[in-house]
Amino acid sequence: MDFFEVLRRRHSVRAYLAKKVEKEKLERILEAIDSAPSAGNLKAYKVVVIEDERKRKELADAAFSQQFVAQAPVVLVFFADTQKSASHYGIRGEQLYALQDATIACCFAMLACFALGLANCWVGAFDDSKVKEICGIREQALRPVAILPIGYADE
Ligand SMILES: Cc1cc2nc3c(=O)[nH]c(=O)nc-3n(C[C@H](O)[C@H](O)[C@H](O)COP(=O)(O)O)c2cc1C
């Protein structure tokens with residue numbers, strides 16, 4: 001799809017078909033994430049890929065019962081790595097750059113999805129500590145920034 005068409009047609013989708021997301025497409029989305037700019041090229045973020053049905057349901061509950069999160073066959077969870085950025089940029093890295101790195105990474109994923117014919121919706125309303133627990137993240141420096149359910153649109 002033409003880049004400007006992707007921008008024009010992108011919109012949040014909150015209903016997904018049961019159809020799986022192909023492995024190749026998921027790999028291309030992860031490549032797109034990896035190509036995103038980041039402060040000092042540190043890539044101060046972590047992305048957790050959740051496909052397990054039970055965990056998707058737990059994530060939906062942690063997102064204050066936004067059940068469409070569980071409906072999507074793949075859910076990406078973006079974490080800002082505040083310590084990684086802080087180690088180079090101090091307080092500015094910790095409080096600003098790490099969040100920006102994770103945000104841009106998520107944005108690249110969103111656009112890549114639409115270019116591949118997949119839908120998504122940025123989910124920012126969730127309980128941080130529950131999301132961390134579900135994703136198996138213990139490091140205090142990793143802050144969840146966005147949940148991105150991905151799938152084929154059913155709307
Ligand atoms: C920081 C952020 C947090 C958001 N959180 C949620 C959310 O928790 N649940 C939801 O359904 N949509 C969420 N959205 C999606 C917005 O509601 C949506 O992008 C906006 O209404 C514009 O619609 P569009 O994406 O179709 O252009 C969020 C978007 C952003 C950027």
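Helices here are DSSP runs of at least four residues, numbered from the N terminus. I keep that in mind as I open this predicted model.

**Entry 1: Ser85**

I began with Ser85 and found its place in helix H5, which spans residues 82-115. Is Ser85 buried or exposed? I looked it up: its relative accessible area is 1%, and buried means under 20%, so Ser85 is buried. Next I listed what Ser85 touches, leaving aside its neighbours within four places in sequence. Ser85 is in contact with Leu42, Ala44, Gly90, Gly93, Glu94, Tyr97 and Ala98.

**Entry 2: helix H6**

Then I turned to helix H6, residues 128-135. Which residues of H6 are buried? I noted Val131, Lys132, Ile134 and Cys135. These four cover an arc of only 165° around the axis, which means that they sit on the same side of H6. I also wanted to know what the buried residues of H6 pack against. My list has two strands that come with their ranges, S1 (45-50) and S2 (74-81), then strand S4 (142-151) and helix H3 (53-62). Just after H6 I met Gly136, whose phi is positive, near 70°.

**Entry 3: Val131, one residue of H6**

I stayed in helix H6 to look at Val131. Its relative accessible area is 0%, so I wrote Val131 down as buried. Not counting residues up to four places away in sequence, Val131 touches Leu59, Ala62, Val77, Phe79, Phe126, Pro144 and Ile147. I also checked Val131 against Ser12: they are 119 residues apart in sequence, and their C-alpha atoms are 21 Å apart in space.

**Entry 4: the ligand**

Ser12 came up again here, as one of the residues around the ligand. The others I wrote down are Arg10, His11, Arg14, Gln66, Phe68, Cys121, Trp122, Val123, Gly124 and Ala125. How many of the residues in this shell are nonpolar, polar and charged? I read off 5 nonpolar, 4 polar and 2 charged residues.

I then went through some atom pairs. A polar side-chain atom of Gln66 lies 2.7 Å from a nitrogen atom of the ligand. For Trp122 it is a polar backbone atom, 2.9 Å from a nitrogen atom of the ligand. Ala125 also offers a polar backbone atom, and an oxygen atom of the ligand is 3.2 Å from it. Taken alone, the ligand exposes 620 Å², and the protein buries 51% of that.

**Entry 5: Phe64 and Ser65**

Most residues other than glycine have a negative phi. With that in mind, I stopped at Phe64, where phi is positive, near 55°. Phe64 is found in the loop between H3 and helix H4 (68-71). Its relative accessible area is 55%, and exposed means over 50%, so Phe64 counts as exposed.

Ser65 has its place in the loop between H3 and H4. Its phi is positive too, near 65°. With a relative accessible area of 47%, Ser65 is partly exposed.

**Entry 6: Ala18**

My last stop was Ala18, in the loop between helix H1 (3-9) and helix H2 (23-34). Is Ala18 buried or exposed? Its relative accessibility is 78%, so I noted it as exposed. I finished with a distance: Ala18 and Asp154 are 136 residues apart along the chain, and their C-alpha atoms are separated by 9.0 Å.

How values were computed. Residues are numbered from 1 along each chain as its sequence is written. This is a predicted model: local features need pLDDT of at least 70, side-chain atom pairs count only at pLDDT 80 or more; totals for chains, interfaces and linings use all residues. Side-chain values use heavy atoms; hydrogens and water are left out. A residue is near a molecule or strand if one of its heavy atoms lies within 4 Å of it. A polar contact is a pair of N or O atoms within 3.5 Å; within protein, one must be able to donate a hydrogen and the other to accept it, and residues adjacent in sequence count only if both atoms are side-chain atoms. Accessible areas come from the Shrake-Rupley method with a 1.4 Å probe; for residues, only the protein chains shown count as cover. Ala, Val, Leu, Ile, Met, Phe, Trp, Tyr, Cys and Pro count as nonpolar, Asp, Glu, Lys and Arg as charged, and the others, Gly among them, as polar. Buried means under 20% relative accessible area, exposed over 50%, partly exposed in between (1.4 Å probe, protein chains only). Contact means heavy atoms within 4.5 Å. The arc is that of the directions from the helix axis to the C-beta atoms.
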